Amino acid sequence: MGNNPSIEVKHIYKEHRPWGSFENLLDEEYCKVKRLIVKPGQRLSSQYHYKRSECWVVVKGEATVTLEETDSYHTFHITAEPGKVIEIPVGTIHRLQNKGKEDLIIIETQTGTYFGEDDIVRLKDDYGRNNED
């Protein structure tokens, strides 16, 4: 009696994409945190961002990550299992793929000055959503 803890319930925004789905777990002025679910055999577009960096933590499945450094023209292919952290600086071309047989789940933390979906510059996309090509 008396001191009841308050409970705040927030609606989690979820959006379906051709490759799977994402949920916004935290959306603040200083960062955004998403849960990405990539279906088996699917991949996100090859893309970069002008205003944000991303940090991916693999929590389920096996990720195939491609990173391209635009200043040195080096391309890196990384296979990442649960617990692996991948840092993606602002302007780095990146792509996430699930070559496995189960859902791939990534926790993505975005930091920077803007986190809108319109800060995605798609270079190559399996689903016809290119900004450039």
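**Exercise 1. Place Thr64 in the predicted model: find its element, its burial and its contacts.**

Solution.
Step 1. Thr64 belongs to strand E6. The model is a predicted one.
Step 2. The relative accessibility of Thr64 is 13%, so this residue counts as buried. The cut-off for buried is under 20%.
Step 3. Leave out residues up to four places away in sequence. Thr64 then touches Ile78, Arg95, Leu96, Gln97 and Lys99.

**Exercise 2. Describe the chain as a whole, starting with its helices and strands.**

Solution.
Step 1. Count the elements. There are 0 helices and 11 strands.
Step 2. Read along the sequence. The pattern is β-β-β-β-β-β-β-β-β-β-β.
Step 3. Frame the chain. Its C-alpha atoms fill a box of roughly 65 × 35 × 25 Å along the principal axes.
Step 4. Check burial. The chain has 133 residues, and 41% of them count as buried.
Step 5. Look at contacts with a separation of 6 or more. Residues 24 or more positions apart account for 68% of them.
Step 6. Turn to the surface. About 8,200 Å² is exposed, and carbon and sulfur atoms supply 50% of that area.
Step 7. Count charges. The chain carries 18 positive and 23 negative side chains. The centres of the two sets lie 5 Å apart.

**Exercise 3. Find the largest nonpolar core and the strands that build it.**

Solution.
Step 1. Start with the general rule. In soluble globular proteins, nonpolar side chains tend to be buried together.
Step 2. Size the core. The largest nonpolar core has 16 residues. Ala63, Ile86, Leu96 and Ile106 have the most contacts inside it.
Step 3. List the elements that give two or more residues. They are strand E3 (31-38), strand E5 (52-60), strand E6 (63-69), strand E8 (85-88) and strand E10 (104-112).
Step 4. Find the largest share. E6 supplies it, with 3 residues.
Step 5. Take one core residue, Leu96. Setting aside residues up to four places away in sequence, Leu96 touches Leu36, Val38, Arg43, Leu44, Trp56, Ala63, Thr64, Val65, Leu104 and Ile106.

**Exercise 4. Work out why Cys31 and Cys55 form no disulfide.**

Solution.
Step 1. Count the disulfides. The total is 0.
Step 2. Check the distance. The closest cysteine sulfur to that of Cys31 is in Cys55, 11 Å away, so the two are too far apart for a bond. A disulfide needs sulfur atoms within 2.5 Å.
Step 3. Look from the other side. Cys55 is in no disulfide, and its nearest cysteine sulfur is that of Cys31.
Step 4. Compare their settings. Cys31 is buried at 8% relative accessible area. Cys55 is partly exposed at 25%.

**Exercise 5. Trace two residues of strand E5, Trp56 and Glu54, to their partners.**

Solution.
Step 1. Place Trp56. This residue is found in strand E5. Its relative accessible area is 2%, so Trp56 is buried.
Step 2. List its contacts beyond four places in sequence. Trp56 meets Val65, Lys84, Val85, Ile86, Ile88, His94, Arg95, Leu96, Ile106, Ile107 and Glu108.
Step 3. Follow one partner, Lys84. Trp56 and Lys84 are 28 residues apart in sequence, and their C-alpha atoms are 8.2 Å apart.
Step 4. Place Glu54. This residue also lies in strand E5. At 5% relative accessibility, Glu54 counts as buried.
Step 5. List the contacts of Glu54, again beyond four places. They are His49, Ile86, Glu87, Ile88, His94, Glu108, Thr109 and Gln110.
Step 6. Follow Glu87. Glu54 and Glu87 are 33 residues apart in sequence and 6.1 Å apart, C-alpha to C-alpha.

**Exercise 6. Examine two loop residues, Lys84 and Gly91.**

Solution.
Step 1. Place Lys84. The loop between strand E7 (74-80) and E8 holds this residue. Lys84 is partly exposed at 39% relative accessibility.
Step 2. Give its contacts, leaving out residues up to four places away. Lys84 touches Trp56, Val57, Val58 and Ile78.
Step 3. Take a separated pair. The C-alpha atoms of Lys84 and Glu117 are 25 Å apart, with their positions 33 residues apart along the chain.
Step 4. Place Gly91. The loop between E8 and strand E9 (93-97) holds this residue. Gly91 is partly exposed at 24% relative accessible area.
Step 5. Give its contacts by the rule of Step 2. Gly91 touches Tyr48, His49 and Thr70.
Step 6. Take another pair. Gly91 and Pro40 are 51 residues apart along the chain, and 27 Å separates their C-alpha atoms.

Methods: Residues are numbered from 1 along each chain as its sequence is written. This is a predicted model: local features need pLDDT of at least 70, side-chain atom pairs count only at pLDDT 80 or more; totals for chains, interfaces and linings use all residues. Side-chain values use heavy atoms; hydrogens and water are left out. A nonpolar core is a set of buried Ala, Val, Leu, Ile, Met, Phe, Trp, Tyr and Cys residues joined through side-chain atoms within 4.5 Å. Buried means under 20% relative accessible area, exposed over 50%, partly exposed in between (1.4 Å probe, protein chains only). Helices (H or I, at least four residues) and strands (E, at least two) are DSSP runs, numbered from the N terminus. Contact means heavy atoms within 4.5 Å. Accessible areas come from the Shrake-Rupley method with a 1.4 Å probe; for residues, only the protein chains shown count as cover. Lys and Arg count as positive and Asp and Glu as negative; His and the chain ends are not counted. The place of a charge is taken as NZ of Lys, CZ of Arg, CG of Asp or CD of Glu.
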